[in-house]
Structures are given as C-alpha cells and as structure tokens.
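Let us walk through this structure step by step, beginning with its interior and moving on to a pair of packed helices, a loop and the cysteines.

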Amino acid sequence: MAEVTGFGFQLYSAREFPPLGDQLRLLADLGYRYVEPYGGLFEQLDELQAGLAATGLNAPTCHIGIDRLRAEPHAACDDLQAIGTKIAIVPWIGPEARSGGADGWRRLGEELAKLQALLRGRGLELAWHNHDFEFATLADGSRPLELLLAAAPELPWEADLAWIARAGEDPVVWLERYADRIVAAHIKDMTGDPTGPEDGWADVGHGIMDWPRILPALRASSARYWVAEHDRPSDAARFARRSIATMQGWEAGR
C-alpha cells in the first residue's frame, strides 16, 4: 500500500479549453495537489513552468511519447526535469506498432527496459500507461500487457482503470495481479456507451465504474498518484470540479 498524496489532474483532459494558466489556477483553487502534463505541452514549456510556480502545483508524473524518447532522450529528460517530473510515462503506441504479435510486444518491453535504464541514469523513472488494446488476447493466448511487463521486469505501470473496463476486463483483477508494479492510476469513469456524448466517458463518480469494489484494490496497490482524467469532456471545469468532489468524498468516508 502506497501513501496517496492528494489528487492529480491529467491536463490532456483540458486541452480544448485554454489558456493553460487559467486551467492551473482553477485546479489549484479546487484542491488538486498536482497535475500530469502531456507531450504537447512541452511546446508551451515556459508557460507551464510559470503556471506551476504561480499556483504551487507540481508535476510528479508526465506523459511523453515514445518517439520523442527514442529520438532525443536527453533533451526529453531536460524538459521533464524542468517541470519537476519524477516519472515519465509512455501513454500510447499507434496501431502500426501493435501489429507484431507476441514477439512485437516482447521487443517493445525490451526497448522500454533500455530506455528505463537511460532515464534512471538521469534521475528519472519510466512507466507505461494502458489503453484497451493491451488486454486483447493474442494468437498464442497471451495479453500484450503481460508480455510487456514481463520483458521489462522493473517497469512500473500507470493503470487506466476505465480503459481496463472498456476492454471488457475487471480492473480489480489487474490491480491485484500487478499491485506492486502500479505506480499511478488514472481515476476515470464511463457511461458504458462509447458512441454516446463525450465518447462515453464520464466525470468521476458519475458513470458506471464500481468504485466501492475497485477502491480497496487500488488502495492496496503501490499506486501513489491518483490522477483524474476524461478523454473528451464538453466542459473541463465541470469535470474537474465534480471529479475532485467525488475523490474527496472517498477520503472523507474512509
């Protein structure tokens, strides 16, 4: 069980609602303790640094594309350290990179292990974030996430709970199986209809995720960072406000 130090917000959730400085001030006012930036924000690095300094928010975790880590790992580390990040998280790979079957996922895991060693040499950790495709059954009966984590045995995982559920899997099973590998979690909800409004995602506590059942397994894991995320909110401020109210209610009710 890890100590959870307040709640965070994935800034990708607010990407369609600039300016960044206003986003950060709202999040700080609502009671968020930290944010999780994404790769596109490195194009606004000065603005991001200034906003973090002005609000007292920090960025202990950050999403960054694997292509950038491959192409310019040291420059990427410089940017991550400029905003105080401790854990760099690879958030996604495109469909073309998923077509290599079990061997392809093993090779990716081996590559991530090498990148992890490089980042550790710079004082950073590397982790993986899931979508739904990591849970598809491959021709040999294995799952991509299993292969990736086995090939990179020290690689932490940021568990996106609603993507696990959208894949038709039970988040509790995976939280329990990899409890000691989970460094962070995306606290995320859904409606059950991916063709519906907001692509079927929901404010935390306002969807169908079985939080009373999930929370004990999440609390028993090593996830230190709980990060609210919504892939396509029609109102990012509403999502931020209602989600932290839900999460604060969980803590008050313990």
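A nonpolar core is here a set of buried Ala, Val, Leu, Ile, Met, Phe, Trp, Tyr and Cys residues that are joined through side-chain atoms within 4.5 Å, where buried stands for a relative accessible area under 20%. In this predicted model, the largest such core has 78 residues, and those with the most contacts inside it are Leu 11, Trp 128, Trp 157 and Ile 187. Apart from that core lies another, of eight residues, which include Ile 89, Ala 127, Ala 184 and Tyr 225. In soluble globular proteins, nonpolar side chains tend to be buried together.

Ile 187 shows what such a position has around it: beyond its neighbours within four places in sequence, Ile 187 is in contact with Leu 161, Val 204, Trp 211, Leu 218, Trp 226, Val 227, Ala 228, Glu 229, Met 247 and Trp 250.

We turn next to helix α6, which covers residues 144-151 and whose buried residues are Pro 144, Leu 145, Leu 147, Leu 148 and Leu 149. Among the elements that cover these buried residues are the helices α5 (101-121) and α8 (171-177), together with the strands β5 (125-129) and β6 (157-160). Two packed helices are described by the angle between their axes and the distance between the axes. For α5 and α6, the axes come within 7 Å and cross at roughly 40°, and the crossing is right-handed. On the α5 side, the residues that meet α6 are Ala 102, Trp 105, Arg 106, Leu 108, Gly 109, Glu 110, Leu 112 and Ala 113, while α6 contributes Pro 144, Leu 147, Leu 148 and Ala 151.

The loop between β5 and α6 holds Ser 142. Is Ser 142 buried or exposed? With a relative accessible area of 11%, Ser 142 is buried, and its side chain is joined to that of Asp 140 by a polar contact of 2.5 Å. Setting aside neighbours within four places in sequence, Ser 142 is also in contact with Ala 102, Ala 136, Thr 137 and Leu 147, of which Ala 102 in α5 and Leu 147 in α6 belong to the residues through which those helices meet.

Why does Cys 62 form no bond with Cys 77? The sulfur of Cys 62 has its closest cysteine sulfur in Cys 77, but because the two are 11 Å apart, they are too far for a bond, whereas a disulfide would need the sulfur atoms within 2.5 Å. The count of disulfides accordingly comes to zero. Both cysteines are nevertheless buried, since Cys 62 has a relative accessible area of 0% and Cys 77 likewise has 0%.

Conventions:
Residues numbered from 1 in each chain as written. Predicted model: local features only at pLDDT ≥ 70, side-chain atom pairs only at ≥ 80, totals over all residues. Heavy atoms only, no water. Buried < 20%, exposed > 50% of the residue type's maximum accessible area, 1.4 Å probe, protein only. Helix = DSSP H or I, 4+ residues; strand = E, 2+ residues; numbered from the N terminus. Contact = heavy atoms within 4.5 Å. Polar contact = N/O pair within 3.5 Å; in protein donor to acceptor, adjacent residues only side chain to side chain. Axes fitted to C-alpha atoms, helices over the stretch in contact; angles between N-to-C directions. Left-handed = near helix turned anticlockwise from the far one by under 90°.
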